[in-house]
Amino acid sequence: RKFTVRLNQALEMEICDGNGKRLKNMPAPGKQDDPEKAASSNQAFKQMKKQLKETITSQKLRLEQALSVARFWEADRWKALFVQNPVMHLFAEGLIWGIYEGQECRGAFRYMEDGTFNTVEEEEFVLPETGKIGLVHPLELTAEDLKAWKEQLADYEIVQPFDQLGRPVCKATK
């Protein structure tokens, strides 16, 4: 028998049988299964599940820290890390990104499940070949854009890997 294990949008593991039917857990070995292969596969699955849990936990923390310290990636490095990496790809889909010149955000976008990019107005966004990309902090958005981004995520039932847009912020007053 064959089973497929993949990550869903909520960064949770999904198990499907050979017919594509979702299973709650990895099934117990059947009568026709090779006992050694079944035991080995079960052990590999448990190890993968443990490693994935650790990876997701650490990457959530790293990304939240990247937001807090204004970490930027060059466009080509960002694509390699967040578009081409199957785990980080899922993180990228739940976050709002910005194009930066120096420390200033020049535009925000969202990476879509189909590999395209869009704006807060849900128009296509063309990712520049060069430049810096970072996570947009709520302080960098107008109140209107912040509300619109939150609505867009809610409309598409996207759960952020950490609370990027809803984090508490304090603005200094004179």
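The legends below describe a predicted model, first as a whole chain and then in close-up views.

**Figure 1. Overall chain, with 4 helices and 8 strands.**
Along the sequence, the elements follow the order β-β-β-α-β-α-α-β-β-β-β-α. The radius of gyration is 20 Å, well over the 16 Å that the globule rule gives for 174 residues, so the chain is more spread out than a compact globule. Taken along the principal axes, the box filled by the C-alpha atoms is roughly 75 × 30 × 30 Å. Of the contacts with a separation of 6 or more, 63% join residues 24 or more positions apart.

**Figure 2. Surface and charge of the chain.**
The accessible surface comes to about 11600 Å², and carbon and sulfur atoms account for 49% of that area. Buried residues make up 36% of the 174 residues. The chain carries 25 positive and 27 negative charges, and the mean positions of these two sets lie 9 Å apart. Side chains of opposite charge can pair when their charged atoms come close. The structure holds 8 salt bridges; those in Figures 3 and 4 are among them.

**Figure 3. Salt bridge between R1 and D33.**
The side chains of R1 and D33 meet with an N to O distance of 2.7 Å. This pair links distant parts of the chain, its two residues being 32 residues apart. R1 belongs to the segment before β1 (4-7), while D33 sits in the loop between β3 (22-23) and α1 (35-68). R1 is exposed, at a relative accessible area of 59%.

**Figure 4. Salt-bridge network of R6, E14 and R22.**
R6 and E14 form a salt bridge through their side chains, at 3.7 Å from N to O. E14 also forms a salt bridge with R22, where the closest N and O atoms are 3.5 Å apart. Because these salt bridges share E14 as a partner, with the cut-off for a salt bridge set at 4 Å, R6, E14 and R22 are joined into one network. The members of the network have these levels of exposure:

- E14 has a relative accessibility of 13% and counts as buried, because the cut-off for buried is under 20%.
- R6 is partly exposed, with a relative accessible area of 41%.
- R22 is exposed, with a relative accessible area of 58%.

**Figure 5. Helix α3 (residues 86-93) and the elements around it.**
Helix α3 is mostly covered, since 6 of its 8 residues are buried. The buried residues are M88, H89, L90, F91, A92 and E93. They pack against two strands that come later in the numbering, β5 (96-101) and β6 (104-111). They also pack against β1 and against the helices α1 and α2 (75-83).

**Figure 6. G131 in the loop between β7 (117-118) and β8 (132-135).**
G131 is partly exposed, with a relative accessible area of 25%. When neighbours within four places in sequence are left aside, G131 is in contact with W73, E74 and A75. F91, one of the buried residues of α3, is 40 residues from G131 in sequence. In space, the C-alpha atoms of G131 and F91 are 21 Å apart.

Terms used
Residues numbered from 1 in each chain as written. Predicted model: local features only at pLDDT ≥ 70, side-chain atom pairs only at ≥ 80, totals over all residues. Heavy atoms only, no water. Buried < 20%, exposed > 50% of the residue type's maximum accessible area, 1.4 Å probe, protein only. Rg over C-alpha atoms; globule rule 2.2 N^0.38 Å. Contact = heavy atoms within 4.5 Å. Areas by Shrake-Rupley, 256 points an atom, 1.4 Å probe, with all protein chains shown as cover. Lys, Arg positive; Asp, Glu negative; His and termini not counted. Charge placed at Lys NZ, Arg CZ, Asp CG, Glu CD.
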